[in-house]
Every structure is written in C-alpha cells, then in structure tokens.
Amino acid sequence: MPGGTRYGFTAEEWHRCRDEMRSVLAEIACERQTITYGNLVTRISGRRMSPRSSALSVMLGEVCQMEDMARGTMLGSVVVRVSDGIPGDGYFRHAEELGRDTSDRVSFWRREVEKVWDAWAESER
C-alpha cells in the first residue's frame, strides 16, 4: 500500500480506523456484549464503510490476527449480524486462516466469544 490506497483509504486512514475499531471492540468485549456490523461502522469516525464492505471484512481480519497473536483470541468475535446474532462468513474464513476448526460454526463462535470476553475481563482487573 505504500504511496497508494487500500479500499480508498490512505495508509494513515487505514491504520487509524483499524486502531479505532480495535478500541471499540475492546470496549464491547470488556462489557461482555456484542455489536452488529452496522453499529460498528457508525462508531468508527472518518471514512464511512458499509456493514457488508470488503474493507470492513479485511480490517476485522487484521484486528483478529493482531489479537490472536497478542491474546490468543479473535476480538472480532464480538461483531455479529443483526439477522441471527452470529458473525458472517468472513469471520469464519478468518478463523480458518488462523487455524481454527469451524466445522460447527455456532459452537465454535460461542466458545471463541466466551474466550474473548474472559480475556478482556481479566485485562481490566
């Protein structure tokens, strides 16, 4: 991305939005809550993203990868669809890329979101 853009974001905008996204998700995790894709994009200032955009999916994937390295959890687990209360297909693709077994998606997600909530609750103590 040096010198160019990524999904219409400059490198600086991308990193700022990603860091802001991580902060929002950390806050949600500390509260043991979930947030919809639509509500997440409204909480990120600056550039607007669609709840179904590739940019959002890629950015969430980066946050998940960073947090997997730092805490062994996928922070994006707290982001869900309004229609059924679980994450979308991109979340499960990212999980598989990180070596997770998602053969039973709902069970996998429930375990992972509990791990995220527990990890963030402990970090606030």
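1. H94 sits in helix α4 (helices are DSSP runs of H or I with at least four residues, strands are runs of E with at least two, and both are numbered from the N terminus). With a relative accessibility of 17%, H94 counts as buried (buried is under 20% relative accessible area, exposed is over 50%, and partly exposed is in between, using a 1.4 Å probe and protein chains only). Setting aside neighbours within four places in sequence, H94 has S57, G61 and M74 in contact, where contact means heavy atoms within 4.5 Å.

2. Before going on, a word on the model. It is predicted, with local features needing pLDDT of at least 70 and side-chain atom pairs counting only at pLDDT 80 or more, while totals for chains, interfaces and linings use all residues. Residues are numbered from 1 along each chain as its sequence is written, and side-chain values use heavy atoms, with hydrogens and water left out.

3. Back to α4 as a whole. H94 shares its buried status with G90, Y91, F92 and A95 of this helix. The cover over these buried residues includes α2, α3 and α5 (105–123). Just after α4 comes G99, with a positive phi near 90°.

4. Which elements give two or more residues to the lining of the largest pocket? They are α2 (37–42), α3 (54–71), β2 (79–80) and α4 (89–97). The lining has 24 residues, and Y37, P51, R52, R81 and G88 lie nearest the centre. As for the volume, the largest pocket comes to about 510 Å³. A pocket here is an open set of points on a 1 Å grid over the protein atoms alone, where a 1.4 Å probe fits, with protein on both sides within 12 Å along at least five of seven lines; lining residues have an atom within 4 Å of a point. Grid points are joined across faces, edges and corners, and the volume is the space filled by probe spheres set on the points.

5. By class, the pocket lining splits into ten nonpolar, ten polar and four charged residues. Ala, Val, Leu, Ile, Met, Phe, Trp, Tyr, Cys and Pro count as nonpolar, Asp, Glu, Lys and Arg as charged, and the others, Gly among them, as polar.

6. The packing of α1 (residues 11–30) on α3 is worth a look: the angle is about 65° and the axes are 10 Å apart. Axes are lines fitted to C-alpha atoms, for helices over the stretch in contact, and angles run from 0 to 180 degrees between N-to-C directions. The crossing is right-handed, that is, the near helix is turned clockwise from the far one by less than a right angle. From α1, the residues involved are W14, C17, R18, M21, R22 and L25, and they meet a set in α3 that includes A55, L56, M59, V63 and R71. The class count for this contact is eleven nonpolar, no polar and five charged residues.

7. V24 is also in α1, and counts as buried at 7% relative accessibility. Away from neighbours within four places in sequence, V24 is in contact with I35, L40 and R43. V24 and I35 are eleven residues apart in sequence, with 9.5 Å between their C-alpha atoms.

8. Two backbone spots to check. Most residues other than glycine have a negative phi. Y7, in the segment before α1, has a positive phi of about 55° although it is not a glycine; Y7 is partly exposed, at 44% relative accessible area. R32, in the loop between α1 and β1 (35–36), likewise has a positive phi of about 55°.

9. What does R32 contact, leaving aside neighbours within four places in sequence? E114, W117 and D118 are its partners. R32 lies 89 residues from A121 in sequence, and their C-alpha atoms are 7.9 Å apart. R32 is partly exposed, at 35% relative accessible area.

10. Finally, S53, in the loop between α2 and α3. S53 counts as buried at 18% relative accessibility, and its C-alpha is 10.0 Å from that of Y37, 16 residues away in sequence.
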